[in-house]
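Me: I should like a close look at the interior of this protein, beginning with its nonpolar packing and passing from there to the elements around it. Please give one connected account.

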Amino acid sequence: MPEQPELTIQGWGPATRPRDATVTGGTEADDGTLQLTAFPDLAELLPRTARRHLARELDWTPRRTPPVPVADIRLAPSRLAEDYRLRLVELLGEEHVRTDRETRLRHAGGKSYLDLLRRREGDASDAPDAVVAPGSTEETAALLALCSGMGVVAVPFGGGTSVVGGLSGIDADDRPSVSVDLARMAGVRALDVASSLVTVGPGMRAPALEEHLERSGLTLGHLPQSWEYATLGGYAATRSAGQASTGVGRFDDLVAGLTLATPSGVLQVGSPPASAAGPDLLGLVLGSEGALGVITELTLRVRPRPRARAYEGWSFRSWAAGLAGLQRLARHDLLPDVVRLSDPDETRANLLMAAGRGAAALRGVLRVRRRGEGCLLVVGWEGLPPLLRARRRAAVSVLRESGAVRVGRRVGESWRRHRFAAPYTRDSLLDAGLLVETLETAATWTALPTVYDAVRGALGESLGRRGKPALVMSHVSHGYPTGASLYVTVLADRDDALPIQQWLSAKRAATDALMAAGGTLTHHHAVGADHRPWLEREIGPLGVEVLRAVKQRLDPAGVCNPGVLLPE
């Protein structure tokens with residue numbers, strides 16, 4: 001495993017930074033690896049107007065609630081028996097089997113609000129008993145078979161960015177666990193330019209892949225907010241969606257084939273360009289979250305790098321008008337590659353944040369607010385210049401017919417430059433005593449307004465029981481002909497006495513409400529541990545039994561990430 005920078009508690013820090021992104025907070029290590037450093041004070045990240053707005057809306061007084069020092073984090077001794085450790089060393093080598101405190105802490109949990117709360121309070125009970133790093137499909141399959149025989153849980157670890165408890169290592173039998181770090185399998189293994197296919201290891205990060213593809217004039221084009229950290233294997237295991245997925249597709253659309261190592265052997269699925277040889281087993285592995293095995297290789301569809309791009313902002317008079325406009329674009333197959341419609345509360349937040357990004361961007365958003373409860377729409381097109389112009393011209397015509405008003409390219413470019421910044425701000429908001437979390441769903445165009453109202457109502461009621469309001473901000477993105485995803489960010493004054501229970505109650509209320517209203521359990525965050533109590537409501541009892549039968553065949557001892565996906 002590569003040498004790591006100094007460990008701190010903060011949950012987010014820049015890794016290989018995208019060339020066109022401006023982020024705030026943290027520093028970058030000389031070798032480009034994750035640098036978790038102390039973050040600036042809230043005053044350095046939020047304009048004064050934004051801080052005043054939060055204090056007023058949330059009845060919140062900023063207070064210092066820093067995380068405990070790293071030295072004070074509670075970490076139980078490794079439960080991995082010495083003879084088991086020696087068997088792992090015999091397979092992988094001493095340097096690839098680690099049980100030291102720092103390595104275990106680095107692999108403790110993911111990046112959800114609950115993960116961060118526990119670590120900030122000094123609780124590392126979700127840390128693995130050891131960290132192992134296989135270097136090939138064969139080693140990974142042998143490792144899983146060995147874990148199966150020893151009764152040791154194995155949890156894949158890529159970038160550590162799960163926000164739904166996907167790395168918790170929960171096990172009903174409380175068996176020892178190992179984190180299977182995929183960093184040694186992080187290279188490009190083959191590039192077929194003529195077929196627009198690239199084969200990669202699961203531990204590779206998207207920035208590194210983009211740098212490699214750029215030399216051949218290609219791109220993957222998958223840009224989730226976790227782009228700086230998350231790995232390609234993680235994208236596949238969770239069915240990730242990127243910010244341009246409306247145009248280039250979700251990550252499962254980009255996977256042409258993959259290899260899955262399991263305790264029972266190696267499974268290779270996917271036959272590009274297409275096959276009718278029975279049911280699609282590739283679709284069974286995508287989204288399996290490590291519960292069936294560990295993805296060890298991916299063949300991905302790539303495309304030519306765009307020669308032109310255009311990002312711009314538009315405004316609608318209301319949320320309802322904005323949804324209707326997007327629905328019209330979708331019906332005529334005119335959705336841009338990037339579509340992001342903010343509700344009035346998120347639009348107001350964009351306005352306040354724009355005060356720190358220069359007067360030009362601020363003036364553009366002010367035009368939105370002068371139109372009543374206006375909603376900001378950010379759209380973006382990328383590709384060949386003639387095709388881009390034609391697509392934009394057709395979409396602009398529909399937007400104007402739908403009552404939208406253009407607010408300019410400065411707004412769109414400001415969003416593009418700052419689109420990876422939100423997680424950095426979250427750490428400082430947590431330091432100041434706020435609850436900050438997100439959730440997401442998807443719904444048909446018909447159900448979307450009802451789902452939106454249901455989620456807002458449930459979160460407001462649950463978090464407002466202490467007599468203090470919550471700020472619930474939403475946007476629609478990832479558009480489809482039949483509907484779109486809804487992404488919700490919630491802020492509230494944190495209950496310092498029972499912070500975990502505060503969010504668990506709100507999350508339960510919101511999930512029950514959105515599913516009752518016709519929303520999906522998740523659109524791109526995956527199931528993890530957080531969502532698995534509701535999985536049966538989405539896929540049915542028989543669907544759950546089908547997945548259990550597949551897991552029993554591939555993982556008979558149930559050692560592959562047993563705490564996610566399938567209900568207890």
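Reply: In this predicted model, the largest nonpolar core holds 72 residues, and the members that touch the most others are L54, L341, L377, L459, V476, L491 and W503. L341 may be followed further. When neighbours within four places in sequence are left aside, L341 contacts F316, W319, G322, L323 and L326, then C375, L376 and L377, and finally S474, H475 and V476. Two of these partners, L377 and V476, also belong to the group with the most contacts inside the core. Nonpolar side chains tend to be buried together in soluble globular proteins.

A second core, of 32 residues, lies apart from the one just described and includes L213, L218, V255 and I295. Its surroundings lead to a sheet. Five strands form an open sheet in the order 5-6-10-8-9, with antiparallel pairing. Strand 5 (188-192) and strand 9 (265-269) are the edges; each has a single partner strand, so one side of each is left without a neighbour in the sheet. From one strand to the next, the twist averages 10 degrees.

The pairings can be taken in the order of the sheet. Strand 5 is joined to strand 6 by four bridges, and the two run antiparallel; V188 has V200 of strand 6 as its bridge partner. Helix 6 (residues 137-150) packs on this sheet, where it touches strand 8, strand 9 and strand 10, and its direction makes about 45 degrees with that of strand 8. Strand 6 (residues 197-200) in turn pairs with strand 10 in the antiparallel sense over four bridges, and here T199 is matched with T299. Strand 10 also pairs with strand 8 (residues 255-262), again in the antiparallel sense, over six bridges, with L258 standing opposite L298. Because six of the eight residues of strand 10 (residues 294-301) are buried, that strand is largely enclosed by the rest of the structure.

T219 offers a view of a polar residue that is also covered. This threonine is found in strand 7 (residues 218-219). T219 counts as buried because its relative accessibility is 7%, under the 20% limit. The side chain of T219 makes a polar contact of 2.8 Å with the side chain of E210, and it also reaches the backbone nitrogen of G221 at 3.2 Å. Beyond four places in sequence, T219 touches E210, L213, V302, R303, P304, R305 and P306. Among these, L213 is a member of the 32-residue core.

A covered helix completes the account. Nine of the ten residues of helix 17 (residues 422-431) are buried, namely P423, Y424, T425, R426, D427, S428, L429, L430 and D431. The elements that cover them include helix 1 (42-45), helix 2 (48-58) and helix 5 (113-120), together with strand 16 (434-444) and strand 18 (483-493). L54 and L491, both named above for their contacts within the largest core, fall within the ranges of helix 2 and strand 18. Just after helix 17, G433 takes a positive phi of about 95 degrees.

Technical notes. Residues are numbered from 1 along each chain as its sequence is written. This is a predicted model: local features need pLDDT of at least 70, side-chain atom pairs count only at pLDDT 80 or more; totals for chains, interfaces and linings use all residues. Side-chain values use heavy atoms; hydrogens and water are left out. A nonpolar core is a set of buried Ala, Val, Leu, Ile, Met, Phe, Trp, Tyr and Cys residues joined through side-chain atoms within 4.5 Å. Buried means under 20% relative accessible area, exposed over 50%, partly exposed in between (1.4 Å probe, protein chains only). Contact means heavy atoms within 4.5 Å. Two strands pair if DSSP finds at least two bridges between them. A polar contact is a pair of N or O atoms within 3.5 Å; within protein, one must be able to donate a hydrogen and the other to accept it, and residues adjacent in sequence count only if both atoms are side-chain atoms. Axes are lines fitted to C-alpha atoms, for helices over the stretch in contact, and angles run from 0 to 180 degrees between N-to-C directions.
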